[in-house]
Amino acid sequence: MSKLISLPMYDVHHPDTEALLGALRQLLNEEGLEGSKLLYSEPEDRLAHWQKPELLLSQTCGYPLRALLPDVQVVGTFHYRATGCDGFNYSSLLVVREADVDKTLQDFRNKRVICNSEDSQSGYHTLRSLVAPLQKDGRFFSEITFSGSHRQSMAEVKAGAGDIAAIDAVTWALVSQHEPERVQGLAVIGTTSRVPGLPMITSAQTSAEDLAALRRALKRLVSEPEWREIREALLITDFSVTHRDDYQPISDAAQKAAASGLVTL
């Protein structure tokens with residue numbers, strides 16, 4: 001059975017994703033993992049895809065890792081050059097219309113929030129943790145709408161369908177670079193707490209030997225000069241070997257928000 005590879009999370013400018021895929025195929029070949037034979041996937045059902053036993057490499061979100069993907073193995077975490085990122089940690093930016101640039105988060109009580117999805121750390125759970133101390137009777141916002149993606153959340157705030165959204169810092173930086181018209185008319189009024197960034201994962205069926213090879217390949221990607229242009233295009237600066245326990249702060253924050261009375265955003 002052919003093994004799978006996917007890069008679904010920061011696919012803002014697809015040619016850059018394709019270049020990264022090509023680099024990974026070569027590096028994985030050189031590490032003995034038959035990178036050229038991997039089946040590339042752009043899954044519609046990401047959660048099902050991430051649970052496939054034949055998954056060799058993909059990138060997921062920290063909240064699904066902790067809450068919904070108990071069996072996958074963590075390969076490690078990239079570092080990104082973007083405002084709101086530090087080492088392998090990242091945060092989200094609080095994005096509003098430009099006319100509201102002078103407001104604070106507290107000013108958005110009883111306003112409408114746009115989120116990409118309910119299982120998103122960057123678009124939902126990190127914002128829930130931020131407003132939990134401000135909630136009254138289990139509510140802070142008056143209405144929540146799910147957009148399906150960070151880019152669509154930005155578009156809906158801009159169009160007036162909602163008033164505020166939490167946008168992954170790396171996504172915001174990549175969109176600003178490749179689609180600057182999308183950020184025109186929007187402003188950032190704050191950031192959320194930093195937590196470990198989007199982890200690279202592999203199936204529970206991946207052997208310890210192959211896991212070590214994956215980590216060698218990703219470390220080479222961030223250190224060898226021939227891949228510099230690919231790294232820079234995707235804002236990747238480094239790679240750290242991380243483990244599931246490194247993402248415990250995400251679980252802790254979700255539990256704390258729920259204990260405060262804010263069970264849902």
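Tutor: Welcome! Contact here means heavy atoms within 4.5 Å, and the model we are looking at is predicted.

Student: Thanks! With that in mind, how many residues of domain 1 are in contact with domain 2?

Tutor: Start with the layout: the chain is divided into domain 1 (4-79 + 197-251) and domain 2 (86-195). Their C-alpha centres lie 26 Å apart. On the side of domain 2, 19 residues take part, and the number in domain 1 is 20.

Student: Which three residues supply the most of the area that domain 1 buries against domain 2?

Tutor: The size of an interface is often given as the accessible area lost when the parts come together. Between domain 1 and domain 2 that buried area is about 1700 Å², with 69% of it from carbon and sulfur atoms. For domain 1, 35% of its buried area comes from the top three residues, which are Tyr10, Val12 and Tyr63.

Student: How many salt bridges and how many residue pairs in polar contact are there between the two domains?

Tutor: Let's take the two kinds separately. Salt bridges between domain 1 and domain 2 number zero. Residue pairs in polar contact between domain 1 and domain 2, with both residues at pLDDT 80 or more, number five.

Student: Which element gives the most residues to the side of domain 1 that touches domain 2?

Tutor: Two elements give two or more residues to that side, α3 (62-67) and β4 (73-80). That side of domain 1 divides into 12 nonpolar, six polar and two charged residues. With three residues, the element that gives the most is β4.

Student: I'd like to place β4 in its sheet. Which strands are at the edges?

Tutor: Six strands form an open sheet with mixed pairing, in the order β2-β1-β3-β12-β4-β13. An edge strand here pairs on one side only, and the two that do so are β2 (39-40) and β13 (236-240).

Student: In β3, what is the bridge partner of Leu4?

Tutor: Strand β1 covers residues 4-5 and strand β3 covers residues 55-59. These two strands pair in the parallel sense over two bridges. In β3, the partner of Leu4 is Leu55.

Student: How far apart in sequence are the parts that Lys3 and Asp210 tie together?

Tutor: The count of salt bridges comes to 13, and one of them joins the side chains of Lys3 and Asp210 at 3.7 Å, N to O. Lys3 lies in the segment before β1 and Asp210 in helix α8 (residues 208-223), so the pair ties together parts whose separation in sequence is 207 residues.

Notes
Residues numbered from 1 in each chain as written. Predicted model: local features only at pLDDT ≥ 70, side-chain atom pairs only at ≥ 80, totals over all residues. Heavy atoms only, no water. Domains from an automatic or database assignment. Buried area = accessible area lost by both parts, 1.4 Å probe. Salt bridge = Lys/Arg side-chain N within 4 Å of Asp/Glu carboxyl O. Polar contact = N/O pair within 3.5 Å; in protein donor to acceptor, adjacent residues only side chain to side chain. Helix = DSSP H or I, 4+ residues; strand = E, 2+ residues; numbered from the N terminus. Nonpolar A, V, L, I, M, F, W, Y, C, P; charged D, E, K, R; others polar. Pairing = 2+ DSSP bridges.
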